[in-house]
Amino acid sequence: MKARIKFRKYGALRFIGHLDVMRFFQKVMRRAEIPIAFTGGYSPHMIMSFASPLGIGLSSDGEYFDIELIEPVESEDAVRRMNEACVEGIEVVSIRQIAEEKKMTGMTILAGADYLVSIKEEALPDGWQDQFRIFMEQSEIRIVKQTKRSETEVDIRPMIWKWEIRGDKIYLQVASGSAQNLKPDLVMEAFVRFLEERGDYRGNGGTSPLETGAFGYHRLEMYADMGENGERKLLTLESLGKDMKKTE
């Protein structure tokens, strides 16, 4: 039986890396007595796969990982036990049964994600909201994207599906997954370069906001695209599962 766990990551624990998060949940599984399955062989380990590791420094309300259970659990009770084993900064939101097919794992079906970008006061010039609207009205937004082996110029505009200015924050819905993956910091990097190229901004005291940690990033949710014939239909990874209840 396969299950999907949704959790929040916030506060000081946003600064711990992905491997530490994995080790943390391995301990939570043991302490909460979740009947998780192990691999075989000489060095068995818990069957656990994360949909998309969160970068260091980012907080989130919508993180996911899939596990395999050797026996069913009751969702509400399992969430309670896991949270009792957690510390401040990690909160389990749900555990739901998912389809058994390998092609339906979170890592495989992940297609998009929502982010909220916060901007420190005076990090950008007055009227940046109007400039961001002009920035997003471009037909192309080209950046140099670095990979492990090379760097290539790509147009990221088609990967920004939705955007909205929310007061002093920016909401972004972007492509995320194995096919296409756009991180919100690349959008903000492109925006700062846009301001600089237009001569509207020279940084605060000569220092670019990209160098001063002026932007904060919070992941809101992750989605699978269940549309057909090229029509996008986004569903949260959580909604693709169902709550488990013990049978009498």
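**Close-up views of a predicted model**

**View 1. S75 and its surroundings in the predicted model.** S75 is part of helix 2, which spans residues 75-85. Is S75 buried or exposed? With a relative accessible area of 5%, S75 counts as buried, because the cut-off for that label is under 20%. Look next at the company S75 keeps: setting aside neighbours within four places in sequence, its contacts are I95, D243 and M244.

**View 2. The largest nonpolar core, with 44 residues.** Here you can find F132, F135, I156 and F191, the members that touch the most other members of this core. Several elements each give two or more residues to the core: strand 5 (110-119), helix 4 (128-136), strand 8 (160-166), strand 9 (169-175), helix 5 (184-198) and strand 10 (215-225). Which of them gives the most? That is helix 5, with 8 residues. As background, nonpolar side chains tend to be buried together in soluble globular proteins.

**View 3. A closer look at F135.** Not counting residues up to four places away in sequence, F135 touches I141, V187, A190, F191 and F194. Elsewhere there is a second, separate core, made of 28 residues. Among its members are F7, M29, M48 and F50.

**View 4. The hairpin between strand 6 and strand 7.** Strand 6 (residues 142-146) and strand 7 (residues 151-155) run antiparallel and are joined by 5 bridges. To pick out one bridge, start at K145 and find its partner in strand 7, T152. The hairpin that connects strand 6 to strand 7 does so through 4 residues.

Terms used
Residues numbered from 1 in each chain as written. Predicted model: local features only at pLDDT ≥ 70, side-chain atom pairs only at ≥ 80, totals over all residues. Heavy atoms only, no water. Buried < 20%, exposed > 50% of the residue type's maximum accessible area, 1.4 Å probe, protein only. Contact = heavy atoms within 4.5 Å. Core = buried A, V, L, I, M, F, W, Y, C linked by side-chain atoms within 4.5 Å. Pairing = 2+ DSSP bridges.
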